[in-house]
Amino acid sequence: MHDQLPAAIPPKPAPGLFWNPYLQIFLTVLLTAAAQILLKAGADFSARNDSVWSWIGLAELGSVWTWLGIMALVASFGGWLYALRFLPLGLAFALSNGVHIFVPLGSWFFLHEQISFLRGSGILVIIAGILLLAQSVVKVEEKI
Amino acid sequence: MSLTAWALVVVSQFALVAGQIYFKRAMTRREQDGKWIGLLAIGIATMTVWFLLWLGVMHQVELSKLMPLEGISPLLIVLGAAIFLGERLNWRGWAGIGLTCAGVMLVSAS
């Protein structure tokens, strides 16, 4: 099926920092982390609500936080698809795991949740992995 | 963890990998002949299956036992991308993937 199509020439991103696919992955990660925290804030809002709606999980929709969270998720999906136009899937997905760094940090900062020693060391290991991946990208792009 | 729960986890991880491969194929096809909406729709449908299965598993299994399994998804995606999309990684890339998986498992297990 693929043979009949024109060869996939890797497209060039539009000029400007905002259209850099790596920046878009970073924005996707930030937006996904923000969405998780906003949805959690929305759930906390509905936990204080005793109406019938809260029993079937719809009370969250009465919170502005929940809607902001949903909008952040939609925006992050747009950034993800944009980045996939330019980056290999395996690399992009691995970089998107940066979300596991920002969710604990954001929960600590905004929701005052604790970061345990184990979780802190996990965050450092992910950062090391992402730095190695970033280096592998530099090596590959030097060859081209 | 029951056999059913394990089966759900395996199927949901397959759905995740398949969904992401469809997304990548859709974006490649977009550059080739512009016929990408169908692939994107299959990707979204597959990711919906993944999401619902994952929610279903979470319902049955303690989160602390389940979350470390999420750490293997970057590895599965890289393997899927190698088999179905012909993507290649150098040794730094593989080491980076290994560390990322280990880190996600640590964060999830805590």
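**Helix packing and the contact between chains A and B**

The crossing of helix 3 of chain A and helix 1 of chain B is right-handed in this predicted model. Two packed helices are described by the angle between their axes and the distance between the axes; for helix 3 of chain A, which covers residues 64–86, and helix 1 of chain B, the angle is about 65 degrees and the axes are 8 Å apart. Helix 3 of chain A contributes Leu81(A), Leu84(A) and Arg85(A) to this contact, while helix 1 of chain B contributes Phe23(B), Lys24(B), Met27(B), Arg30(B) and Glu31(B). Sorted by class, the residues in the contact of these two helices are four nonpolar and four charged, with no polar residue.

The contact between the chains as a whole takes 32 residues from chain B and 32 residues from chain A. On the side of chain B that touches chain A, the elements giving two or more residues are helix 1 (3–32), helix 4 (73–85) and helix 5 (91–109) of chain B. Helix 5 of chain B supplies the largest share of that side, namely 13 residues. The residues on the side of chain B that touches chain A comprise 17 nonpolar, nine polar and six charged ones.

Within chain B, helix 2 runs over residues 37–60, and because each of its 24 residues is taken to advance 1.5 Å, a span of 34 Å is expected, which agrees with the 35 Å that separate its end C-alpha atoms. The buried residues of helix 2 of chain B are Gly43(B), Thr46(B), Trp50(B), Leu53(B) and Val57(B).

Methods
Residues are numbered from 1 along each chain as its sequence is written. Chains are lettered from A and ligands numbered from 1 in the order in which they are written. This is a predicted model: local features need pLDDT of at least 70, side-chain atom pairs count only at pLDDT 80 or more; totals for chains, interfaces and linings use all residues. Two residues are in contact if their C-beta atoms, placed from the backbone, lie within 7 Å. Helices (H or I, at least four residues) and strands (E, at least two) are DSSP runs, numbered from the N terminus. Ala, Val, Leu, Ile, Met, Phe, Trp, Tyr, Cys and Pro count as nonpolar, Asp, Glu, Lys and Arg as charged, and the others, Gly among them, as polar. The expected span of a helix is 1.5 Å times one less than its number of residues. A residue is buried if 20 or more other C-beta atoms lie within 10 Å of its own, exposed if 12 or fewer, and partly exposed in between; C-beta atoms are placed from the backbone. Axes are lines fitted to C-alpha atoms, for helices over the stretch in contact, and angles run from 0 to 180 degrees between N-to-C directions. A crossing is left-handed if the near helix is turned anticlockwise from the far one by less than a right angle, and right-handed if clockwise.
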